[in-house]
Amino acid sequence: MKKIVCKNYDELSKCGADIVTAQIKAKPDSVLGLATGSTPIGLYKYLREMPLDFSNISAYNLDEYYPIEKANDQSYAYFMNDNLFQYITVKSKDIPNGEAPDAEAECRRYDKAIEQAGGIDLQVLGLGVNGHIGFNEPAKALSVGTHAVDLTESTIEANARFFANKEAVPRRALTLGLGGIMKAKKILVLASGKNKADVVKKMFSGEVTTDVPASLLQLHGDVTVIVDEEANGEA
């Protein structure tokens, strides 16, 4: 894995946007895997301001709360429209459906859609303080395909700031599995802030464990991790 250390969050966001821009210019019909949460907001801000042609780009989102209505301002469907899609025009966009009546059927649909699109060329990931990527939480075993997951207490607490209170945070989510993430041709990970320093260190430790799902990225052949100085673990 390659690590790039930036001075601050803004520099990190610009660096990430430059990498996504290079991917789009190299392959105008790229399939992008996009992440949500607070970390990629700056990246999306830079992307929507760049003179890029997104018209042949296909976008697939990493995860979504479940159940949740798309119109809910805390849904990731709403987040992506608010931060990126209302500003650009892509060929197609898809996100796990938080309104689907059958979670398992929706997960199967999503995996098939990505496969039919030709797979993800560049997957953008955030990094949870407990090492989760997407909503693949630390566990004894990790799922390969898109699946429904019960969120851990630490993840619920971390996301509570976006909701009226902790109790309002959905307890489940639909997420791309580790197999789907690892199939991406390239992976870009963003991590910002002092609270990420410990997990960044574990991510580069040389040890692969399901207790730190992000450590599995060491097995991928093309991963770039961008951190700011505060998140720079001793790796």
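**Note on the core, a helix pair and E229**

1. In this predicted model, L217 is in contact with M1, L125, I133, I181, M182, I187, V189, M203 and V223, once its neighbours within four places in sequence are left aside. L217 also belongs to the largest nonpolar core, which has 69 residues, and is listed with V20, L34, L47, L127 and V189 as the members that touch the most other members. As general background, nonpolar side chains in soluble globular proteins tend to be buried together.

2. Two packed helices are described by the angle between their axes and the distance between the axes. Here helix α1, covering residues 9-26, packs against helix α2, residues 41-49, at an angle of about 55°, and their axes lie 8 Å apart. That angle makes α1 oblique to α2, and the crossing of the two helices is right-handed.

3. Which residues of α1 and α2 meet? From α1 come Y9, D10, S13, K14, G16, A17, V20 and T21, while α2 contributes I41, G42, L43, Y46 and L47. Sorted by class, this contact has seven nonpolar, four polar and two charged residues. V20 and L47, which take part in this contact, are also among the core members that touch the most others.

4. E229 lies in the segment that follows strand β10, residues 223-228. Is E229 buried or exposed? E229 counts as exposed because its relative accessibility is 51%, the cut-off for that class being over 50%. Not counting residues up to four places away in sequence, E229 touches V5, C6 and K7. The C-alpha atoms of E229 and S192 are 8.1 Å apart in space, although these residues are 37 apart in sequence.

Technical notes:
Residues are numbered from 1 along each chain as its sequence is written. This is a predicted model: local features need pLDDT of at least 70, side-chain atom pairs count only at pLDDT 80 or more; totals for chains, interfaces and linings use all residues. Side-chain values use heavy atoms; hydrogens and water are left out. A nonpolar core is a set of buried Ala, Val, Leu, Ile, Met, Phe, Trp, Tyr and Cys residues joined through side-chain atoms within 4.5 Å. Buried means under 20% relative accessible area, exposed over 50%, partly exposed in between (1.4 Å probe, protein chains only). Contact means heavy atoms within 4.5 Å. Axes are lines fitted to C-alpha atoms, for helices over the stretch in contact, and angles run from 0 to 180 degrees between N-to-C directions. Helices (H or I, at least four residues) and strands (E, at least two) are DSSP runs, numbered from the N terminus. Angles under 35 degrees count as roughly parallel, over 145 as roughly antiparallel, 65 to 115 as roughly perpendicular and the rest as oblique. A crossing is left-handed if the near helix is turned anticlockwise from the far one by less than a right angle, and right-handed if clockwise. Ala, Val, Leu, Ile, Met, Phe, Trp, Tyr, Cys and Pro count as nonpolar, Asp, Glu, Lys and Arg as charged, and the others, Gly among them, as polar.
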